[in-house]
Amino acid sequence: MADSVKPFSPEEAKTILHHLQQPAVFMNMTCAWPVLHWTAERLSGCFADKRLRFRLGRKEEINTPLFETQCSYVEAKLSQFLNWPLAQSGMDIGPFVEYPYSDYWAYADYKYIAVLFQDQPSMFEDVRWCEFGFEGRNGRESTLWIGTEGANTPCHLDTYGCNLVLQVQGRKRWHLFSPEDTASLYPTRVPYEESSVFSQVNVLQPDLRRFPAFQKARAHTVTLQPGQVLFVPRHWWHYVESVDPITVSVNSWIEMEVDDEARVSEAVTKAVVCAIKSAPSDDNSDNWLNPTEEGVTSHNENMQYVNLAVRACAQRQMNLCHGKPSQNLRETRPVKRDSSGQISKNSDPVRDPAPFSVPYGPHLIPVRCQEEDLPGKRGGTPKDLEVKSSINCAARIEEDCTVSSDAALRTEPTSAILHHRKHECSPSFSQSREPGCADGTLEESGHATITTNDLLDCLVHPDIISRVAELLLERHTGRHRTTTSL
């Protein structure tokens, strides 16, 4: 399809994004984007001796998530990464020599393109989010992901904005869950990462004895092909895995006006988690801080974040009430970190949806959910949507392009306000753990010991923190609450 004949104009694409309420795949929108030539081989030539940080995980079937705190890390050249699977004598594989390819996968995830190509800024223009209606948005506001087969991101939701993901090389399988399934995914903030709420469930190998409510969760599954763009709506959970030997993808997080209150919630979460997890305790010796975080901030600094977030939100509300433009506040409405590790900014946020008929068809495929038998009960294998489209963006969809799901396959402020990426307050605080105490014993009462993490899972549960943020805004801005009480 010629570059001048896209299925949707930038204005149409942005209108669609404004109103999409479920994940969807855009077809034939990226035909002429130069970024489609960013294969791992080509990037290796561009980076030369530049070293990237790779996260390595074991290829093993376990029924708990493999969090980033449990992975190994190496600094290596992309050429060494590409030589690693070949494992031929004399090949330079650098630090990968300590990790047999048969036993490990590797992932250079969350790499800021603005940093990678700071000496080649013209490369930013290879990414054209402007064709989705975000004027001026390109690779500078995007991140790069390079992995081997099996490389994955733990199931989580992003507290800010929505997400656009372009697949460049190889395929990635996405397991997505609606925000309505949050309780069934057992949210947790340990390990702590600003703007990410993790699930305690391994959505591919769920332990239904420990997480029985997960049976109610409904996965939306899609295998993303090169040239396709996946839209991930706000607060949709997602577990992502590479299914080909080498995969490359590029994404950009898009801010939304509702992120103002989310930043207040995140500031409160950070203050509570850091205060409690930093306190000396017999059960507080776990590795609770995600490697993406630069370190533990002081309580004074965290309270400054809380105050700045509240003030920024209040100021914006005041401007809206007086009909003033909120351009000055856009610097305090970030989503994810930018190239310097701070939160990225956008001058054109996605707004709340209005009644609109989304034009689903050959160029826009919804990632639907269909109830099927639970693998946990009958050993079924999930089906998924595999949208057939080659790099040349052929418009035709193969007849076998279907969308299905399996219920049991479940699947920041500016630096002065916040940073980035745990548990539902379940009927039993220790429901997520083995019966008994953390050390395997029982109290005389017959009840499991409540651990620090159990307490945190309730204190910083998304629903609780959201209400705390509302109370702070009510008391310190005079704003009346508009949402339903817990």
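Two strands count as paired here if DSSP finds at least two bridges between them. On that basis, the predicted model contains an open sheet of 9 strands, in the order β3-β2-β4-β5-β14-β7-β12-β1-β17, and the pairing is antiparallel. At the edges sit β3 (72-77) and β17 (364-366), each of which pairs on one side only. From one strand to the next, the twist averages 25 degrees.

Towards the β17 end of that order, β1 (residues 24-26) runs antiparallel to β12 (residues 229-232), and 3 bridges join the two. Here alanine 24 faces phenylalanine 231 of β12. The sheet also has a helix packed on it: α2 (residues 40-47) touches β2 (51-58), β5 (143-148), β7 (162-169) and β14 (246-254), and its direction makes about 120 degrees with that of β5.

Elsewhere, helix α9 (residues 462-477) packs with α5 (residues 259-277) at an angle of about 110 degrees, their axes 9 Å apart. Angles of 65 to 115 degrees count as roughly perpendicular, so α5 and α9 fall into that class. On the α5 side, Glu261, Val264, Ser265, Val268 and Thr269 take part, meeting Ile465, Ser466, Val468, Ala469, Glu470, Leu472 and Leu473 of α9. That contact breaks down into 7 nonpolar, 3 polar and 2 charged residues.

Helix α9 also meets α6 (residues 299-321), with axes that come within 10 Å and cross at roughly 70 degrees, so this pair is roughly perpendicular too. The α6–α9 crossing is right-handed. Val306, Val310, Cys313 and Ala314 of α6 make the contact with Leu472, Leu473, His476 and Thr477 of α9, a set of 6 nonpolar and 2 polar residues with no charged ones.

Terms used:
Residues numbered from 1 in each chain as written. Predicted model: local features only at pLDDT ≥ 70, side-chain atom pairs only at ≥ 80, totals over all residues. Heavy atoms only, no water. Axes fitted to C-alpha atoms, helices over the stretch in contact; angles between N-to-C directions. Helix = DSSP H or I, 4+ residues; strand = E, 2+ residues; numbered from the N terminus. Parallel < 35°, antiparallel > 145°, perpendicular 65-115°, else oblique. Contact = heavy atoms within 4.5 Å. Nonpolar A, V, L, I, M, F, W, Y, C, P; charged D, E, K, R; others polar. Left-handed = near helix turned anticlockwise from the far one by under 90°.
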